[in-house]
Amino acid sequence: MTTYNLLKFLHILAAFWFIAGLIGRDLMRSVARQTDDIRLFSGLSQAAGRFETLMVVPGSLLVVVIGVFVALRGGWPIFGFLEGADSNWLLLTNLLLLANILVVALIYLPRGKVFDQELQHAVAAGVMTDGLRARFNDPIVRWAHYGELASIFIIVALMVFKPF
Ligand code: HEM
């Protein structure tokens, strides 16, 4: 067993953790979308939040940090042509991850705060409110989630096929 293979193994385990968390979170959201019962909705939203904090956030950090070690150990060019290399699959990976970070900062965090306020109001009132439903079905957040999943799919393909 080489250090490189060990790092790659840990990198892939972190990727599993991250992607399983993404799928779990989105499944909770899709079930929540179908209910008008505010208690059930609130419970499912909390479960989605757990997937986010226990799996998505630490998994995404770990997969990137260990990925950098794998790249350094294996001599893969993290910045592609910017560092004079011929292959650019890692550079594109980094750009996709950067786009995901921007989505979190510009869409998820500010809109998530408003959603949490609406959820608290609805839970206090004991009923599903129009405001909460509207926040939950925010098309920008929904498309951001689709984009996130698509980018992870592309990244895994880049990792395996290394096409350019
Ligand atoms: C969402 C983020 C990421 C996911 C899901 C992911 C997933 C994977 C997977 C599944 C492999 C195994 C591919 C194979 O053995 O055929 C892999 C390999 C690799 N990853 Fe990542 N990765 C991610 C981010 C990164 C980042 C940010 C870097 C470095 C900056 C990186 C560097 C590497 C390297 C160098 C390999 C080894 C390639 C090889 O030996 O064939 N990864 N990654």
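**Exercises on a predicted helical model**

In helix 2, the residues Ile-38, Ser-42, Ser-45, Val-64 and Ala-71 meet Leu-90, Leu-97, Leu-119, Ala-122 and Val-123 of helix 3. By type, the residues of this contact comprise eight nonpolar, two polar and no charged. The model is a predicted one, and the exercises below begin with this helix pair.

**Exercise 1.** Determine how helix 2 and helix 3 are oriented to each other.

*Solution.*
Step 1. Locate the two elements: helix 2 covers residues 38-74 and helix 3 covers residues 89-125.
Step 2. Consider their axes, which come within 13 Å and cross at roughly 160°.
Step 3. Apply the cut-off: angles over 145 degrees count as roughly antiparallel.
Step 4. Helix 2 and helix 3 are therefore roughly antiparallel to each other.
Step 5. Add the handedness: the crossing of helix 2 and helix 3 is left-handed.

**Exercise 2.** Establish whether Val-70 is buried or exposed, and describe its surroundings.

*Solution.*
Step 1. Place the residue: Val-70 lies in helix 2.
Step 2. Count its surroundings: 20 other C-beta atoms lie within 10 Å of Val-70.
Step 3. Apply the cut-off: a residue with 20 or more such atoms is buried. Val-70 is therefore buried.
Step 4. List the contacts, leaving aside neighbours within four places in sequence: Val-70 is in contact with Leu-7, Lys-8 and His-11.
Step 5. Relate chain distance to spatial distance: Val-70 and Asn-5 are 65 residues apart along the chain, and their C-alpha atoms are separated by 8.5 Å.

**Exercise 3.** Describe the shell of residues around the ligand and state which element gives the largest share.

*Solution.*
Step 1. Begin with the residues that come nearest: of the 21 around the ligand, these are Ala-15, Gly-67, Ala-71, Trp-76 and Met-159.
Step 2. Identify the elements that give two or more residues: helix 1 (3-33), helix 2, helix 3 and helix 5 (139-161).
Step 3. Find the largest share: helix 2 supplies seven residues of the shell.
Step 4. Sort the shell by type: 16 residues are nonpolar, four are polar and one is charged.

**Exercise 4.** Summarise the protein chain as a whole, from its secondary structure to its contacts.

*Solution.*
Step 1. Count the elements: the chain has five helices and zero strands, in the pattern α-α-α-α-α along the sequence.
Step 2. Give the extent: along the principal axes, the C-alpha atoms fill a box of roughly 60 × 30 × 20 Å.
Step 3. State the burial: of the 164 residues, 16% are buried.
Step 4. Examine the contacts with a separation of 6 or more: 66% of them are between residues 24 or more positions apart.

Methods:
Residues are numbered from 1 along each chain as its sequence is written. This is a predicted model: local features need pLDDT of at least 70, side-chain atom pairs count only at pLDDT 80 or more; totals for chains, interfaces and linings use all residues. Axes are lines fitted to C-alpha atoms, for helices over the stretch in contact, and angles run from 0 to 180 degrees between N-to-C directions. Helices (H or I, at least four residues) and strands (E, at least two) are DSSP runs, numbered from the N terminus. Angles under 35 degrees count as roughly parallel, over 145 as roughly antiparallel, 65 to 115 as roughly perpendicular and the rest as oblique. A crossing is left-handed if the near helix is turned anticlockwise from the far one by less than a right angle, and right-handed if clockwise. Two residues are in contact if their C-beta atoms, placed from the backbone, lie within 7 Å. Ala, Val, Leu, Ile, Met, Phe, Trp, Tyr, Cys and Pro count as nonpolar, Asp, Glu, Lys and Arg as charged, and the others, Gly among them, as polar. A residue is near a molecule or strand if its C-beta atom, placed from the backbone, lies within 6 Å of it. A residue is buried if 20 or more other C-beta atoms lie within 10 Å of its own, exposed if 12 or fewer, and partly exposed in between; C-beta atoms are placed from the backbone.
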